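Student: I've just opened this one and would like a close look at a single part. Pick one, then show me how its surroundings fit together.

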Amino acid sequence: IVQLYVPLNWFGTYYRSIQKNFIDMENMFDLLKEDQDIIDAPGAGPLVVKKGAVEFNNVTFNYVPERLVLKNITFSVPPGKTVALVGPSGSGKSTIIRLLFRFYDIETGSIIIDGHNIKTVTQESLRRAVGVVPQDTVLFNNTIMYNIKYGRLTATDADAIDAAKGADIHDRILTFPNQYDTQVGERGLRLSGGEKQRVAIARTLLKAPAIILLDEATSALDTQTERNIQDSLNKMCANRTTIIVAHRLSTVIHVDEILVLKDGEIVERGKHENLIGQEGIYANMWKQQLDSKETSAENSLEHSTT
Ligand code: ATP
């Protein structure tokens, strides 16, 4: 019993920490197929996504009975549009994303994609329709080709190379010792944060989902890399329904709707200009980010002159 208990317990901890950080949900489902709280409804059919409309209706959710983590969340994302979730740490942004991937079932309310309640369709079809770009992409100890094809394992090499080009990582891969056959991951070539994000973008391009969930990386990349990544992300999200957990407000200026969350509730919503005009939480967050940017700009100026 002891022998069995230890690894299971370790596995549990690992599982929870991945879950909590929303590192790489798609990988995780494959790694942990046997750990299933969520089951398909009897007679569940496949989700057929034609347009990619997403709706949350009065969604209430708690991880533990004592505390509601989401309260009466209602919003909709029309096909091809982008909604950004912003708000303080712990306000429930990642939870919304996890629920849309049906990581957990909700208490009350409904989550609807193209008119289908996600509880009534097969999980396999749901997760095929929804692409996830996590904050931190897990690479397998395998070739870069395999790691890109992970987005759609039946893809041809030519498709994977096209995806790599779309994610702007193809030229970089050609400089690797064995190009697309180069081993990457813990035991191979280590990729930088920016390169790993590009692998995630390539995977998603290959998967070609109607709906994209994007957890913006908090880890700082240099400004030029960030701008290039932003270009690839914009291309990937164009004409796809997108929900972004945004950490940098500069990325949300142009989105169709911003939802400001606080303690599990939507406290402000609208476009950037409207929210700035309201002089509420969002306007404050915006001001703080501008201030901290000025401070860091001043710092780098000081460094360059000394
Ligand atoms: P951050 O910006 O820090 O990622 P967030 O807005 O994404 O935060 P969530 O991760 O959605 O916040 O967490 C919302 C609340 O739910 C927090 O209070 C958090 O502690 C709690 N929570 C998150 N995951 C779990 C879990 N697996 N079990 C129990 N509580 C959880």
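Tutor: I'll start with one helix, α3, and work outwards from there.

A bit of housekeeping: this is a predicted model, where local features need pLDDT of at least 70, side-chain atom pairs count only at pLDDT 80 or more, and totals for chains, interfaces and linings use all residues. Residues are numbered from 1 along each chain as its sequence is written.

The chain has 11 helices and 12 strands (DSSP runs numbered from the N terminus: H or I over at least four residues for helices, E over at least two for strands). Our helix, α3, spans 93-100. Seven of its eight residues are buried, so-called mostly covered (buried: 20 or more other C-beta atoms within 10 Å of the residue's own; exposed: 12 or fewer; partly exposed in between; C-beta atoms placed from the backbone). The buried ones are K93, S94, T95, I96, I97, L99 and L100. For the chain as a whole, 32% of the 306 residues count as buried. Following α3 comes R102, with a positive phi near 55°.

What does α3 do for the ligand shell? It gives the most to it, with three residues. The shell has 13 residues, and those that come nearest are Y63, S89, K93, S94 and T95 (near: C-beta, placed from the backbone, within 6 Å). Two elements, α1 (2-21) and α3, give two or more residues each. By class, the shell holds three nonpolar, eight polar and two charged residues (Ala, Val, Leu, Ile, Met, Phe, Trp, Tyr, Cys and Pro are nonpolar; Asp, Glu, Lys and Arg charged; the others, Gly among them, polar). K93, S94 and T95 therefore turn up in two lists, as buried residues of α3 and among the residues nearest the ligand, taking burial by the cut-off above.

Now for the sheets that α3 packs on. One is an open, mixed sheet of six strands, in the order β6-β9-β10-β3-β11-β12 (two strands pair if DSSP finds at least two bridges between them). Its edges are β6 (130-133) and β12 (265-270); each has a single partner strand, so one side of each is left without a neighbour in the sheet. Neighbouring strands here are turned by 20° against each other on average, direction ignored (axes are lines fitted to C-alpha atoms, for helices over the stretch in contact; angles run from 0 to 180 degrees between N-to-C directions). Against this sheet, α3 touches β3 (82-86), β6, β9, β10 and β11 (257-262), and its direction makes about 145° with that of β10 (contact: C-beta atoms, placed from the backbone, within 7 Å).

Let's zoom in on the pairing. Strands β9 (211-215) and β10 (241-245) run parallel and are joined by five bridges, with L213 opposite I243. Next door, β6 and β9 are also paired in the parallel sense, over four bridges, and V130 has I211 in β9 as its bridge partner. In a regular strand the side chains alternate between the two faces of the sheet. On β6 both faces are covered: V130 and V132 are buried on one side, G131 and V133 on the other. Another helix, α8 (193-207), lies across β6 and β9, running at about 175° to β6.

The other sheet is open and antiparallel, with four strands in the order β2-β1-β4-β5. Here β2 (70-77) and β5 (116-117) are the edge strands, each pairing on one side only. Five bridges link β1 (54-61) to β2 in the antiparallel sense, and V54 stands opposite V77. On this sheet α3 touches β1, β2 and β4 (108-113), at about 115° to the direction of β1.

One residue of α3, L100, also belongs to the largest nonpolar core, which has 67 residues; L100 is among those with the most contacts inside it, along with A84, L85, I148, A202 and I258 (a core: buried Ala, Val, Leu, Ile, Met, Phe, Trp, Tyr and Cys joined through C-beta atoms within 7 Å). The largest share of this core, six residues, comes from α8. As for I148, leaving out residues up to four places away in sequence, its contacts are A160, A163, A164, V199, A202, R203 and L206. Chain-wide, among contacts with a separation of 6 or more, 73% join residues 24 or more positions apart.

Notes: Contact = placed C-beta atoms within 7 Å.
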